[in-house]
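Here is a short report on one protein chain. Keep the sequence and the model side by side while reading.

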Amino acid sequence: MKKLLAAIIFYLSVSLVNAGEKFAYQNWVAEMSGQTNEAYTIADSSTSFGTFCSNEQCLFYLHQNLNCTPGAKYSVLMNSLSISTALTMECTPINGNAFQILTPYNAVLQATQAGESIGFAVALQSSAFAVTRFSLLGAKPAIDRVLTEAANSKQREQKPPQIIIVPPLQIVPRVTPNQPPGTPQNAIPKSNSKDISI
């Protein structure tokens, strides 16, 4: 899991520098960069929520203006129309910004599939909670696009190259009508016809 997270963090940091083609879906954006793809929404200038895929490996993240210890895991409460649950988030620094990687992935994915908004409550050291809400308008098509590209990426890797086998050509001597079987070609008398045959 650590190697996977490290690889995704690397690709996420590259993705943040090399933005790809963007597609807007109401309050969400799908950014397609080939091997790395991302769907996200922004609550304010320093707060975002989204999913990021490197090839077929995907994760959900929160980016908030909170201080957290890199590598530390925290509890977060998530609430949407379809699910309310406790999640684990791991503080991960990327390009000088703290991102919280959310797990389990499938719970967050389920929460983004219906409703108009999703909320996260993070426990602070002061015994208070930092609550952030994000719009889900456009989330489903944006996330679906990124996940489809991730699935296609996996299929492209697994698909073996196609080899086309052409059967060998067999050259059969031309037999003239009325020629007895087994008669050599040079034994057939030539006609005075001006027809040209190839």
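The report goes from the overall fold to the strand pairs, the cores, the surface and the backbone exceptions.

## Overall fold

This is a predicted model. The chain holds three helices and 10 strands. Read from the N terminus, the order of elements is α-β-β-β-β-β-β-β-β-α-β-β-α. Of the 198 residues in the chain, 36% are buried. Among contacts with a separation of 6 or more, 50% link residues 24 or more positions apart. The exposed area of the chain is about 12700 Å². Carbon and sulfur atoms supply 56% of that area.

## Strand 5 and its two partners

Strand 5 covers residues 57-63. Five of its seven residues are buried, so the strand is mostly covered. Which strands pair with strand 5? One is strand 4, residues 47-54. Strand 4 and strand 5 run antiparallel and are joined by seven bridges. Within this pair, Phe52 has Leu59 of strand 5 as its bridge partner. The other is strand 8, residues 97-103. Four bridges join strand 8 to strand 5, again in an antiparallel arrangement. Here Leu62 stands opposite Gln100 of strand 8.

In a regular strand, side chains alternate between the two faces of the sheet.

## Two hairpins

Strand 4 and strand 5 form a hairpin with two residues between them. The hairpin of strand 1 and strand 2 also has two residues between the strands. Strand 1 and strand 2 run antiparallel, with five bridges joining them. In that pair, Lys22 has Glu31 of strand 2 as its bridge partner.

Each hairpin has a residue with positive phi: Asn55 in the turn between strand 4 and strand 5, and Gln26 in the hairpin of strand 1 and strand 2. Neither is a glycine: this holds for Asn55 and for Gln26. Most residues other than glycine have a negative phi, and most peptide bonds are trans. The table sets out the three strand pairs described so far.

| Strand pair | Bridges | Direction | Paired residues |
|---|---|---|---|
| Strand 4 and strand 5 | seven | antiparallel | Phe52 and Leu59 |
| Strand 5 and strand 8 | four | antiparallel | Leu62 and Gln100 |
| Strand 1 and strand 2 | five | antiparallel | Lys22 and Glu31 |

Are the two positive-phi residues buried or exposed? Gln26 has a relative accessible area of 64%, so it counts as exposed. Asn55 has a relative accessible area of 17%; the value lies under 20%, and Asn55 is therefore buried. Gln26 sits in the loop between strand 1 and strand 2. Asn55 sits in the loop between strand 4 and strand 5.

## Nonpolar cores

In soluble globular proteins, nonpolar side chains tend to be buried together. The largest nonpolar core has 30 residues. Phe49, Leu102 and Phe120 touch the most other members. Several elements each supply at least two residues of this core, including strand 2, strand 4, strand 5, helix 2 (105-111) and helix 3 (139-158). Strand 6 (73-80), strand 7 (84-94) and strand 9 (117-123) do likewise. Apart from this core lies another, of seven residues. Among its members are Tyr40, Tyr61, Ile94 and Ile101.

What does Phe120 touch beyond four places in sequence? Its contacts include Phe49, Leu62, Leu87 and Leu102. Val76, Leu77 and Met78 are also among them. So are Ala130, Val131, Thr132 and Phe134.

## Surface patch and Ala43

Leu77, Phe129 and Val131 make a nonpolar surface patch of about 310 Å². Val131 lies in strand 10, residues 129-135. With a relative accessible area of 58%, over the 50% limit, Val131 counts as exposed. Val131 is also one of the residues that Phe120 touches.

Ala43 lies in strand 3, residues 36-44. Its relative accessibility is 39%, so Ala43 counts as partly exposed. Neighbours within four places aside, Ala43 is in contact with Thr132, Arg133 and Phe134. Between Ala43 and Gln64 the C-alpha to C-alpha distance is 9.5 Å, with 21 residues of separation in sequence.

## A cis peptide bond

Where does the chain hold a cis peptide bond? It joins Thr103 and Pro104, with omega about 5 degrees. Pro104 lies in the loop between strand 8 and helix 2.

Key
Residues are numbered from 1 along each chain as its sequence is written. This is a predicted model: local features need pLDDT of at least 70, side-chain atom pairs count only at pLDDT 80 or more; totals for chains, interfaces and linings use all residues. Side-chain values use heavy atoms; hydrogens and water are left out. Buried means under 20% relative accessible area, exposed over 50%, partly exposed in between (1.4 Å probe, protein chains only). Two strands pair if DSSP finds at least two bridges between them. Contact means heavy atoms within 4.5 Å. Accessible areas come from the Shrake-Rupley method with a 1.4 Å probe; for residues, only the protein chains shown count as cover. Patches are made of residues with over 30% relative accessible area and no salt bridge: like charges are joined within 9 Å, nonpolar side chains (Val, Leu, Ile, Met, Phe, Trp, Tyr) within 5 Å. A salt bridge is a side-chain nitrogen of Lys or Arg within 4 Å of a carboxyl oxygen of Asp or Glu. A nonpolar core is a set of buried Ala, Val, Leu, Ile, Met, Phe, Trp, Tyr and Cys residues joined through side-chain atoms within 4.5 Å.
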